[in-house]
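Trainee: I should be grateful for a close look at a single part of this structure, together with the side-chain pairings found elsewhere in the chain.

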Amino acid sequence: MFDFEDITFKYGEQELAFRVIEQAWKDANMPKDCYERTKAICFLTGYPAEWRGSLFFYCALAELNPRYIMKMARERWRPELLKKENGR
């Protein structure tokens with residue numbers, strides 16, 4: 001979905017934060033449900049709300065738009081399904 005190969009980073013922290021988000025996207029796309037996949041989806045969708053602060057923090061460091069990341073993630077993984085699975 002995203003092409004991560006042609007990105008130039010200004011400083012190391014920016015790249016590190018970007019790689020955290022990139023790894024979360026990879027984990028969320030794992031074919032089998034597991035703890036890592038579920039938490040990656042929570043992080044990327046900002047759902048439940050406890051995850052939103054972390055996403056915004058890493059997006060700020062990576063100079064990415066967190067609302068765009070959440071929009072793309074929510075289109076792919078519907079948070080309301082997570083809510084039902086977690087009994088909330």
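Mentor: The account below begins with one helix and then turns to the salt bridges.

This is a predicted model, in which local features need pLDDT of at least 70, side-chain atom pairs count only at pLDDT 80 or more, and totals for chains, interfaces and linings use all residues. Residues are numbered from 1 along each chain as its sequence is written, and side-chain values use heavy atoms, with hydrogens and water left out.

Helix H3 spans residues 50-62; helices (H or I, at least four residues) and strands (E, at least two) are DSSP runs, numbered from the N terminus. Within H3, the buried residues are Leu 55, Cys 59 and Ala 62. Here buried means under 20% relative accessible area, exposed over 50%, and partly exposed in between, with a 1.4 Å probe and protein chains only. These three residues lie on the same side of H3 because they cover an arc of only 60° around the axis, the arc being that of the directions from the helix axis to the C-beta atoms. The buried residues of H3 pack against helix H1 (12-28), helix H2 (35-45) and helix H4 (66-76), where contact means heavy atoms within 4.5 Å. On the face turned away from the buried side, H3 carries the exposed residues Glu 50 and Ala 60. Just after H3, Glu 63 adopts a positive phi of about 60°.

The salt bridges come next. A salt bridge is a side-chain nitrogen of Lys or Arg within 4 Å of a carboxyl oxygen of Asp or Glu, and by this rule the count is 5. One of them joins the side chains of Glu 15 and Arg 19, at 3.5 Å from N to O. These two residues are 4 residues apart in helix H1, which means that about one helical turn separates them. Glu 15 is partly exposed, with a relative accessible area of 33%, and Arg 19 is partly exposed at 32%. Arg 19 also forms a salt bridge with Glu 22, with the closest N and O atoms 2.8 Å apart. Glu 22 counts as buried, at 11% relative accessibility.

In helix H4, Lys 71 and Glu 75 lie 4 residues apart, about one turn of the helix. Their salt bridge has its closest N and O atoms 3.0 Å apart. Lys 71 counts as partly exposed at 47% relative accessibility, and Glu 75 counts as partly exposed at 48%. As for shared partners, salt bridges join Glu 15, Arg 19 and Glu 22 into one network.
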